[in-house]
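Got the viewer up and a selection box ready? Let's walk through this one stop by stop.

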Amino acid sequence: MTTMPDPVPTLPDSQATAGYSRLTRDDPGFAEAVYEGLFNKLSVDNPRFSGEPDLVVAPKTETDVVAIVRAAAQSGTKVAIRSGGHSWIASSVREASVLVDLAAFDGISVNVEARTATVGPAVRGERLSKELVAHGLAFPVGHCGTPALGGFLLGGGLGVNWGHWLPSCFSIRSLRVVLASGEIVVASATSNPDLFWLARGSGPGFPGIVTEFELELQPLPGAIRLSTWMFALTDLSAVTRWVSRVSASLPSNVEVSLVMAGPGRPGATSASVPFVVGVAATAFTDNAGAAREALRAFSDDPGPGVPALDHLEALPVAFDSLHEPVDATYPEGYRYLADTFWNPLDIHDALEPLAELITRAPSGASYILSGMPKNGHGAELLPKGEAAFGMHDRSLVVPYVMWNDSADDAANLAWLTELRSVLEPTASGHFLSEADLRYDASRTSGSFAPGDWARVSQLITAFDPESLFCGFPQPREKPAAD
Ligand SMILES: Cc1cc2nc3c(=O)[nH]c(=O)nc-3n(C[C@H](O)[C@H](O)[C@H](O)COP(=O)(O)OP(=O)(O)OC[C@H]3O[C@@H](n4cnc5c(N)ncnc54)[C@H](O)[C@@H]3O)c2cc1C
């Protein structure tokens with residue numbers, strides 16, 4: 001039995017009754033507090049995630065957070081942070097740490113006239129969308145409804161309509177941060193600009209606890225239209241050439257994604273074609289005419305020349321329902337691994353080598369998502385020098401490996417290893433928020449634009465000289481299947 005560090009002081013009565021919970025390994029409910037809130041169930045018992053906190057605390061107020069950070073610093077205990085528990089690599093579960101669970105920081109306050117909102121880091125994207133729609137406003141929330149804004153925004157945030165609204169971190173106006181010193185600071189473009197730069201993209205490396213974000217909002221698009229196509233995977237080559245050709249003339253407010261999927265995809269039956277490539281194009285516009293115009297490149301094009309198994313044309317979708325079909329592709333309670341690869345290749349060349357591999361996936365639920373930032377004009381996407389978030393290229397390929405039985409861990413990990421061996425040789429970098437940082441250290445450094453990684457490292461050390469915060473998860477010795 002290890003000796004438990006005790007970094008949290010007894011609070012004065014008034015705060016104790018407001019009371020934040022505090023659980024050590026011996027307390028009932030400790031394991032639930034550590035693991036139940038994790039989306040990825042692989043991280044609960046697979047050896048590649050081994051390491052457990054000594055203490056879990058759930059502060060209710062910013063004053064609690066300051067007390068926890070000061071006490072942790074005093075006792076030399078490292079601090080791990082959780083907002084929504086949706087890190088694929090469970091970056092909140094760290095050896096011998098105090099895990100600060102920010103679930104109570106879930107307030108939303110909208111200033112309709114200023115078109116801004118202040119939000120707690122534990123607010124989920126789906127809740128923010130609903131709240132904003134009621135005010136005629138919108139925000140580039142994640143494509144899935146359940147990740148919390150804390151990790152999503154700090155990691156850059158590839159949200160809805162990101163080719164037009166930019167990655168979501170560019171819509172952070174300011175944030176409140178408890179630093180390793182226990183000091184509370186506000187960071188914005190004009191106040192603590194280095195900390196602000198880091199907050200826009202350093203993800204799990206961020207050296208502080210964010211207690212609140214101030215966000216710039218968008219007017220609610222008056223007409224969102226979704227067109228989808230599904231083709232047999234055997235037609236991949238024709239489909240990717242078509243998407244690539246059409247994308248070149250699509251405006252930035254049309255978001256296109258491609259998915260290579262197997263027989264375990266939502267809606268598939270035993271009668272369905274087992275392996276498919278799906279294409280989705282979502283236009284974010286003011287009215288039906290503008291939506292038709294935005295999607296015109298599809299109607300003007302002769303098409304891929306292969307038959308679609310299924311097609312929906314310009315279906316109206318409510319902003320706060322956009323996440324629903326996406327959520328269905330990430331079943332709850334599953335074991336997951338994701339990884340990410342920016343690629344200088346066109347989508348056609350990037351996906352072609354993967355076609356045979358997807359048919360050998362041990363789990364039919366696994367799929368490979370891809371897209372081209374700003375429809376192939378990604379080089380013009382990001383404002384220069386404003387954010388740590390910076391790595392991007394012509395296409396992004398993201399395999400999601402998902403299964404539900406621990407007996408299948410080795411086979412699924414081995415399949416991802418095979419995918420990596422095909423994707424790594426042409427990859428130019430990684431997307432921090434969904435990359436497997438526990439696999440290889442190059443995932444972290446390779447998530448930043450050349451030259452920025454050195455600045456990220458220096459600034460983290462400057463704000464947290466004693467490395468109080470756990471920071472980027474480090475790769476462990478690789479288990480055999482990796
Ligand atoms: C089903 C699913 C769908 C996803 N879809 C998308 C998507 O469409 N676009 C996209 O960009 N990403 C997506 N992601 C990735 C997701 O954005 C990141 O995993 C993000 O970190 C999740 O945020 P969280 O707060 O829920 O995670 P957590 O696991 O709680 O946090 C992850 C890490 O972020 C840091 N952190 C979190 N909150 C704070 C805080 N308040 N202060 C300081 N540090 C903090 C900590 O280091 C923490 O360990 C998806 C993930 C899942 C599981």
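Some vocabulary before the first stop: strands (E, at least two residues) and helices (H or I, at least four) are DSSP runs, numbered from the N terminus, and two strands pair if DSSP finds at least two bridges between them. This is a predicted model, where local features need pLDDT of at least 70 and side-chain atom pairs count only at pLDDT 80 or more, while totals for chains, interfaces and linings use all residues. Residues are numbered from 1 along each chain as its sequence is written, and side-chain values use heavy atoms, leaving out hydrogens and water.

**Stop 1: the sheet.** Five strands make an open sheet, ordered 5-6-10-8-9, with antiparallel pairing. Pick 108-111 and 184-188: these are the edge strands, 5 and 9, each pairing on one side only. From one strand to the next, the twist averages 15° (axes are lines fitted to C-alpha atoms, for helices over the stretch in contact, and angles run from 0 to 180 degrees between N-to-C directions).

Now add 116-119, which is strand 6; strand 5 pairs with it in the antiparallel sense over 4 bridges. Click I108 and you'll find V119 of strand 6 standing opposite.

**Stop 2: the helices on the sheet.** Select 125-133 for helix 5, which packs on the sheet and touches strand 5, strand 6 and strand 10, its direction making about 35° with that of strand 5. Contact here means heavy atoms within 4.5 Å. Next, take 62-75: helix 4 lies across strand 8 (172-178), strand 9 and strand 10 (209-216), running at about 50° to strand 8.

**Stop 3: the ligand.** Show everything with a heavy atom within 4 Å of the ligand, the cut-off for being near it. You get 31 surrounding residues, the closest being I81, S83, G85, S91 and L158. Which helix gives the most to this shell? Helix 6 does, with 4 residues; color 149-154 to see it, then 78-82 for strand 3, since strand 3, helix 6 and strand 10 each supply at least two shell residues.

For polar contacts (pairs of N or O atoms within 3.5 Å), go to S91, whose polar side-chain atom lies 2.8 Å from a ligand oxygen. At G84, a backbone N or O atom sits 3.0 Å from a ligand oxygen, and H86 likewise has a backbone N or O atom at 3.0 Å from one. Taken alone the ligand exposes 960 Å², and the protein buries 97% of that (accessible areas by Shrake-Rupley, 1.4 Å probe).

**Last stop: confidence.** Color by pLDDT, the predictor's confidence in each residue from 0 to 100. The protein averages 93, and 95% of the residues score at least 70. Residues 1-5 stay under 50, with 8 contacts beyond four places in sequence.

Notes
Polar contact = N/O pair within 3.5 Å; in protein donor to acceptor, adjacent residues only side chain to side chain.
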